[in-house]
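Trainee: I would like to take a close look at one strand and its surroundings, and then step back to see the rest. Could you walk me through it slowly?

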Amino acid sequence: MRDFIKSTRFKVLLAFLAFLIGIMIYAVTKGGYSLSGASFIQTITKPFRSASNSIGMKIEGNLDKVTKADEYYEENKRLKVQIGELNKQLTEYDALKAEVEELRKFVSIKEEHEDYVLSVPCSVIGYTTNDPFRSFTIDKGKADGIKPNCPVATAEGLVGITVEVSENVTTVRTILSPDLSVAAVCSASLADSGIIEGDIIAAEEGCTKISHVTTENKIKPGSMMITAGNSGLFPKDYPIGIVREMEYDVSGLSMCSVIEPCADITRLTSVIVITDFTGKKEESE
Amino acid sequence: MRLRTTREQRILYIKTVLRWFIYYLLIFIGYIYMTTGTWLKPVILLPIALAIAVDNNQYGSVFTGAICGFLVDIACEKLFGYNAVIIAFFCIVISLLHELYLRNKFANYILITAASSFLQCWLDYKFYYQMWNYDNVQRIFTRYTLKIWLYTVISSVIVYLLIRLVNRFFMPKNHLSIEEVITTKSQ
């Protein structure tokens with residue numbers, strides 16, 4: 001061993017380790033952009049990952065049907081009851097629809113979001129290996145105008161934010177992660193606000209959590225939470241999720257609740273990146 | 001190893017190239033497997049790098065370890081170079097241990113892989129979860145870290161058999177003349 005430590009071989013190996021540490025430190029300074037080496041590997045392996053991921057998802061889907069048959073049976077029963085209730089609501093909805101059609105003459109959805117600059121639809125290449133908070137990679141990157149810290153969404157609701165952008169691949173941090181905080185308000189009573197932030201227990205069910213809600217709130221189970229839009233990171237009034245049940249947090253000074261995201265974050269296939277919108281905070285270099 | 005003829009040299013060259021080609025093919029398959037699907041998966045590139053390090057010199061081992069580490073970093077979205085440093089270090093240690101003290105036995109490999117894998121998983125838990133004081137962070141350790149470690153140890157059995165198979169066919173063997181054998185035995 002002593003001979004080895006004195007040998008040139010040892011010095012070379014030590015120098016190589018130092019070189020690797022250097023790369024790691026350099027990677028820290030990149031501020032959201034991948035290193036060219038990582039970007040190159042991501043680009044080369046992209047088609048293989050896409051192909052194997054689609055096969056893997058199909059296999060998982062089929063195995064899922066077998067292993068969760070009882071769960072699906074129960075869910076089916078529950079959904080049938082829910083359909084009955086929804087049909088009843090549909091009758092009421094039709095009446096309201098005529099009224100809404102009148103209002104739509106003034107405010108259409110397109111006009112509502114005309115400030116949004118959207119990316120082309122992005123396919124989900126795959127979820128990050130062993131990540132409890134379901135971050136994932138999409139097949140569009142810097143070349144498509146995507147930058148770090150752009151909101152990512154589906155038609156149903158907010159999904160997360162871009163964190164690491166390569167030339168053709170982008171990593172998305174989801175709203176299930178405790179590292180992402182979104183200011184939210186209740187769509188029914190805009191005065192009730194809180195912070196949506198991931199939670200380890202909630203993430204196990206594909207849910208997130210709202211906290212710092214005042215005790216005098218009027219939020220009811222089933223209320224829709226939307227983005228407050230005051231951070232400059234997310235556009236205003238975009239749906240996030242449904243409130244399960246409000247309860248006091250550990251301190252007892254405020255309330256919190258599990259939020260079921262509008263978009264099923266655990267099984268996404270395609271998303272859209274909102275590259276620009278009114279009130280977006282400009283990135284400081 | 002003494003090479004006597006041009007033919008032997010050519011065989012050695014072809015076998016070495018083929019062996020490393022298969023190693024890197026296995027690494028590539030391991031990486032694709034790691035990036036597929038949504039279920040928890042073993043960090044299969046760690047046992048592959050260690051199995052390669054067992055039978056090869058330090059230079060080859062440390063380079064392969066670094067490549068595997070970089071791929072793990074990309075697959076798991078970790079800081080680029082973080083796992084490269086860890087796995088390259090493990091590879092040097094294992095290559096040295098096998099050169100100086102240990103025999104190439106299955107039990108040795110499994111024990112070392114289990115220990116290295118645990119250390120890698122534990123460091124990942126420490127740096128990426130526990131350090132940030134998330135609520136209920138211990139659940140990550142029990143529900144994710146330990147499972148991933150267990151899957152990695154189980155997968156290392158298959159990896160070991162595969163690498164042994166590759167080495168059996170493509171690892172060059174010592175060629176000694178009858179005189180050398182007699183001399184070695186008489187010593």
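What follows begins with strand E13 of chain A, and then turns to chain B and the contact between the chains.

Mentor: Please keep in mind from the start that this is a predicted model, with scores of ipTM 0.76 and pTM 0.73. The part to look at closely is strand E13 of chain A, which covers residues 255-261. If you follow its side chains one by one, you will find that A:Met255, A:Ser257, A:Ile259 and A:Pro261 point to one face and are buried, while A:Cys256, A:Val258 and A:Glu260 point to the other face and are not buried. This fits a general pattern, since in a regular strand the side chains alternate between the two faces of the sheet.

Now consider the strands that pair with E13(A). Strand E9 of chain A, residues 208-213, runs antiparallel to E13(A) and is joined to it by four bridges; within this pair, A:Thr208 stands opposite A:Ile259, which is one of the buried residues listed for E13(A). Strand E11 of chain A, residues 239-243, also pairs with E13(A) in the antiparallel sense, over three bridges, and here A:Ile242 has A:Glu260 as its bridge partner, a residue whose side chain points to the face that is not buried. Strand E12 of chain A, residues 247-248, is antiparallel to E13(A) as well, with two bridges, and A:Tyr248 is the bridge partner of A:Met255. E12(A) and E13(A) form a hairpin with six residues between them, and in that turn A:Gly252 has a positive phi of about 80°.

From this strand we can step back to the core. The largest nonpolar core has 103 residues, and those with the most contacts inside it include A:Val159 and A:Ile240 from chain A, together with B:Leu45, B:Ala49, B:Leu50, B:Ile87 and B:Cys91 from chain B. Helix H4 of chain B, residues 82-100, gives the most to this core, with 10 residues. Leaving aside residues up to four places away in sequence, B:Ala49 touches B:Thr64, B:Gly65, B:Cys68, B:Ile87 and B:Cys91.

Chain B itself is built from seven helices and zero strands, and its mean pLDDT is 88, with 91% of its residues at 70 or more. Its C-alpha atoms fill a box of roughly 70 × 30 × 25 Å along the principal axes, and buried residues make up 42% of its 187 residues. Among the contacts in chain B with a separation of 6 or more, 67% join residues 24 or more positions apart. For one residue outside the buried set, look at B:Leu12 in helix H1 of chain B, residues 6-34, which counts as partly exposed because it has 15 C-beta neighbours inside 10 Å. The C-alpha atoms of B:Leu12 and B:Tyr129 are separated by 47 Å, and these two residues lie 117 residues apart along the chain.

Finally, the two chains touch through a contact that takes 38 residues from chain A and 36 residues from chain B. On the side of chain A, helix H2 (8-28), helix H3 (36-67), strand E2 (122-127) and helix H6 (200-204) each supply at least two residues, and H3(A) gives the most, with 11 residues. By type, the residues on this side of chain A divide into 21 nonpolar, 12 polar and five charged.

Conventions: Residues are numbered from 1 along each chain as its sequence is written. Chains are lettered from A and ligands numbered from 1 in the order in which they are written. pLDDT is the predictor's confidence in each residue, from 0 to 100. A nonpolar core is a set of buried Ala, Val, Leu, Ile, Met, Phe, Trp, Tyr and Cys residues joined through C-beta atoms within 7 Å. A residue is buried if 20 or more other C-beta atoms lie within 10 Å of its own, exposed if 12 or fewer, and partly exposed in between; C-beta atoms are placed from the backbone. Two residues are in contact if their C-beta atoms, placed from the backbone, lie within 7 Å. Ala, Val, Leu, Ile, Met, Phe, Trp, Tyr, Cys and Pro count as nonpolar, Asp, Glu, Lys and Arg as charged, and the others, Gly among them, as polar. Two strands pair if DSSP finds at least two bridges between them.
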